[in-house]
Amino acid sequence: MITRTKYNPKEIEKKWQTQWEARGLYHAPDDSPEPRFYNLVMLPYPSGDLHIGHWYNYTGTDAYGRFMRMQGYNVMQPMGFDAFGLPAENAAISRGIQARTWTLSNIDNMRRQLRKMGAQWDWEREVVSCLPDYYKWTQWLFLQIYKHGLAYRTKAPANWCPSCNTTLANEQVLADGTCERCGTVVIRKEIDQWLFRITKYAEELLDFSQISWPEKTVTMQRNWIGRSEGAEIRFSADFDGQHEEIPVFTTRPDTIYGVTFFVLAPEHPWVEKITTPEHKAEVDAYVDAARHMSEIERMSAEKEKTGVFTGGYVTNPVNGEQVPVWIADYVLMGYGAGAIMGVPAHDQRDFEFARKFGIPIREVIRPEGEDASDPGTWAEAKHDLGVMVNSGPFDGTPTAEAIDTVTRYLEEQGIGKFTVSYRLRDWLISRQRYWGAPIPIVYCPADGIVPVPEDQLPVLLPENVQFKPTGESPLRYEPEFVNTTCPVCGGPAMRETDTLDTFMCSSWYFLRYADPHNAEQAWSEAAMERWLPVDQYIGGAEHAVMHLLYARFFIKALRDMGHLHFDEPFTRLYHQGTVLGPDGQKMSKSRGNVVAPDDVVEKYGADTVRAYLMFMGPFDAGGSFIAENLEGVWRFLNRFWSLVNDAWVENSPAANTSSESQAIERLRHKTIKRVTGEYSSFRFNTALAALMECNNVLIKQQHEPVARSVAFRDTLESMMQLLAPLAPHISEELWHITGHGSTIHRSAWPIYDEAMTRDETFTLVVQVNGKVRERIEVSSDISEGEARQVALANTRVASFIGENTVQKVIYVPGKLVNIVVRN
């Protein structure tokens with residue numbers, strides 16, 4: 001028996017958050033005998049405040065983790081901060097404070113907000129990527145990758161502001177192609193940068209057989225990697241008496257005889273050599289214009305094709321024809337070899353280019369049964385398969401076998417070979433920024449590029465730096481940082497002033513969570529064996545081809561180095577939906593539709609906000625956050641609170657074997673089964689709907705004798721447990737005030753009896769010629785013959801049959817009988 005109280009979320013939420021943390025309830029011990037479950041949400045960037053989208057993502061993650069904990073798992077659910085990055089640097093410049101100060105202040109605030117959620121974060125495992133005890137190991141990982149030949153330095157294009165004399169991130173280039181700081185037109189400039197050979201793992205990265213990921217994400221990664229089979233064909237040209245070859249990849253080597261022009265990327269090193277004097281001025285101007293365009297602009301399908309003839313020619317290796325060489329901005333150095341062969345008869349882009357510039361079009365593939373025609377009269381390129389024509393010794397070869405036939409010929413003649421090409425390019429990890437992990441490399445006049453010895457890590461990032469108005473990285477102006485000694489010869493050397501891409505920090509953080517306080521290693525073998533790979537990973541689909549791909553590369557590379565024993569980082573992946581503003585638009589400060597969680601939590605409490613977020617739609621779909629709609633969930637929690645209070649105000653429940661009591665018991669088992677299935681599939685909205693339905697049934701009977709039955713109380717206790725993952729505070733409080741000494745969050749998940757989930761009776765719908773004429777309550781185990789007999793014997797049904805002849809009787813088990821009659 002208890003004293004009736006009023007639901008006060010402010011009081012109980014603070015109380016339980018304090019107790020849970022003091023008891024270390026959510027720390028996942030390494031020595032637990034329970035089976036482990038690694039439940040991970042993508043770590044946040046510390047921008048300053050949690051927004052309602054964070055709450056949405058984290059509530060779903062937490063609900064699933066709590067569900068698994070109550071299923072008997074030792075759940076590790078850590079939290080950390082991806083704390084390096086450009087926003088902190090910009091904030092430091094605009095506010096006149098240090099990036100570290102701004103970042104750590106934001107982290108403090110976000111920790112406070114994260115704690116108010118009541119989530120089961122394992123704070124003992126927290127990592128912060130901008131602190132030396134973390135980025136020491138980020139640098140160590142760079143060294144491992146470098147030592148194994150997967151890191152290299154070369155010239156690579158970057159956004160460059162000539163006025164600020166610095167590189168710019170894509171976010172710092174405005175839509176009109178100008179620098180956000182000074183308005184100068186940004187150009188593409190090649191500078192020395194560091195890259196990782198992710199392309200070495202392109203083929204293995206296409207294998208998703210060991211993981212269960214959304215098909216859309218798998219498809220996006222496959223497309224990003226972009227595997228194509230074809231042939232590499234070597235065209236050639238002579239420069240100052242030197243014979244040079246240039247490889248071109250094509251998926252259609254059977255069209256080689258249809259090449260009527262050749263296109264180089266404006267940045268291609270051959271451009272300067274092959275351009276004749278009379279075309280130099282025009283070519284130089286075009287090259288300069290291309291440098292001022294982004295890759296997105298250059299590759300746009302809507303953009304009109306442009307190009308310039310260089311005056312030079314290359315030789316087609318199969319027929320010796322001299323093919324004119326053009327440059328065009330739609331060809332990029334980052335794809336293929338920066339050169340393509342133009343086959344306008346059978347490629348639409350080439351067709352449009354040839355038409356614009358008056359380049360000949362030659363048909364070399366003709367559809368079966370089609371007569372020859374003048375390509376000059378064609379409206380578009382012909383992509384249909386058929387037979388080879390105008391192709392020398394290959395005329396008449398069906399295209400079904402032509403690709404293999406021509407490829408073998410190229411190999412026999414030594415002018416080409418079968419090749420698998422990938423769209424994927426090596427990962428550029430250099431950033432000309434201050435706020436990032438320093439790259440552990442020094443440059444020595446005598447010994448060249450020298451890696452920093454592991455025992456000298458971390459290379460500390462200076463904390464008090466002076467930012468330039470131009471945005472240049474202040475590291476290059478920090479003599480104490482830049483000037484060092486060579487680890488090899490001991491002579492003067494200079495440190496690398498580029499910092500590491502922040503994607504590198506987030507490509508391994510999930511490993512550090514398993515062993516966060518290890519000062520001797522990035523992780524121990526035992527920790528990896530115990531916790532990895534991640535069982536369930538949850539985060540936004542926007543990371544499908546960057547973070548998720550890089551993390552997969554890291555694991556495979558580290559496995560091959562002998563540092564790991566598994567092949568994939570994340571066994572299961574789930575993408576949550578997007579929370580929109582009340583107006584149905586994406587939340588943004590400019591639209592004025594951003595909802596601050598602190599305000600609604602202050603009014604309703606964390607449990608109401610959590611439950612509403614999970615109730616407003618499917619977790620993978622999201623929906624509009626409308627604060628007024630919180631009232632519905634708030635009323636549900638209050639009614640449930642009152643229902644439990646009223647049930648326990650009475651004395652001990654009495655045994656009750658009435659049909660009403662049995663119906664309540666069946667309701668309990670049905671609800672357990674339904675909610676368990678919904679949680680297992682991240683269908684939190686329908687799980688909560690089932691609990692609301694159960695609550696409504698109990699409310700209707702709370703003043704009946706059955707409300708004093710064991711079944712009634714058992715159902716309420718099961719509801720507390722089923723609600724606990726979504727609303728942990730109210731569930732914990734009710735669990736304790738109803739006499740339980742231990743926490744609800746370590747109680748065993750309720751189980752159901754399958755037999756008890758089936759009703760003893762059901763309503764049999766009776767139709768005559770497809771129209772509903774009667775509903776009859778029948779036993780659940782009724783046979784087909786019995787169902788037919790009951791339906792035909794019913795007086796009301798008989799009145800609709802009348803003198804008509806029954807042709808047939810259709811029975812749908814557990815649902816209906818349809819009697820088909822005719823006059």
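For counting charges here, Lys and Arg are positive and Asp and Glu are negative, while His and the chain ends are left out. With that rule, the chain has 83 positive and 107 negative charges, and the mean positions of the two groups lie 5 Å apart. Keep in mind as you look around that this is a predicted model.

**The whole chain**

Let's start with the big picture. The chain has 823 residues, and 54% of them are buried. Its C-alpha trace spans about 105 × 85 × 50 Å along the principal axes. You'll find 26 helices and 29 strands in the chain. Now look at the contacts whose partners have a separation of 6 or more: 71% of them link residues 24 or more positions apart. As for the outside, the accessible surface is about 36000 Å², and carbon and sulfur atoms supply 49% of that.

**An open parallel sheet**

Next, find a sheet of 4 strands. In what order do they line up? The order is E2-E1-E22-E23, the sheet is open, and the pairing is parallel. Strand E2 (74–76) and strand E23 (570–575) sit at the edges, each pairing on one side only. From one strand to the next, the twist averages 20°. Helix H2 (residues 52–70) packs on this sheet and touches E1 (36–41), E2, E22 and E23. The direction of H2 makes about 175° with that of E1.

Zoom in on strand E22 (residues 534–539), which runs parallel to E23 and is joined to E23 by 5 bridges. Here you can spot Gly539 standing opposite His575 of E23. Just ahead of E22, in the loop that follows helix H16 (525–531), comes Pro533. The peptide bond leading into Pro533 from Leu532 is cis, with omega near 0°.

**Some backbone oddities**

Another cis peptide bond joins Leu457 and Pro458, with omega about 0°. Pro458 belongs to the loop between strand E18 (448–451) and helix H13 (479–482).

Two residues that are not glycine have a positive phi, and here they are together:

| Residue | Phi | Loop between | Relative accessibility |
|---|---|---|---|
| Phe682 | about 65° | H21 (659–680) and H22 (684–700) | 3% |
| Asn769 | about 55° | E26 (761–768) and E27 (771–779) | 43% |

Which side of the burial cut-off does Phe682 fall on? Buried means under 20% relative accessible area, so Phe682 counts as buried at 3%. Asn769 has 43%, and therefore counts as partly exposed, since that class runs between 20% and 50%.

**The end of the story: strand E29**

Finally, follow the chain to strand E29 (residues 816–822). How many of its 7 residues are buried? The count is 5, so this strand is mostly covered. E29 has partners running in both senses. With E26, E29 pairs in the parallel sense over 4 bridges, and Val765 has Leu816 of E29 as its bridge partner. With strand E28 (residues 805–812), the pairing is antiparallel, over 7 bridges. One pair to look for there is Lys808, standing opposite Val820 of E29. E28 and E29 form a hairpin with 3 residues between them, and Gly814 in that turn has a positive phi of about 75°. While you're looking at these strands, one rule helps: in a regular strand, side chains alternate between the two faces of the sheet.

Terms used. Residues numbered from 1 in each chain as written. Predicted model: local features only at pLDDT ≥ 70, side-chain atom pairs only at ≥ 80, totals over all residues. Heavy atoms only, no water. Helix = DSSP H or I, 4+ residues; strand = E, 2+ residues; numbered from the N terminus. Buried < 20%, exposed > 50% of the residue type's maximum accessible area, 1.4 Å probe, protein only. Contact = heavy atoms within 4.5 Å. Areas by Shrake-Rupley, 256 points an atom, 1.4 Å probe, with all protein chains shown as cover. Charge placed at Lys NZ, Arg CZ, Asp CG, Glu CD. Pairing = 2+ DSSP bridges. Axes fitted to C-alpha atoms, helices over the stretch in contact; angles between N-to-C directions.
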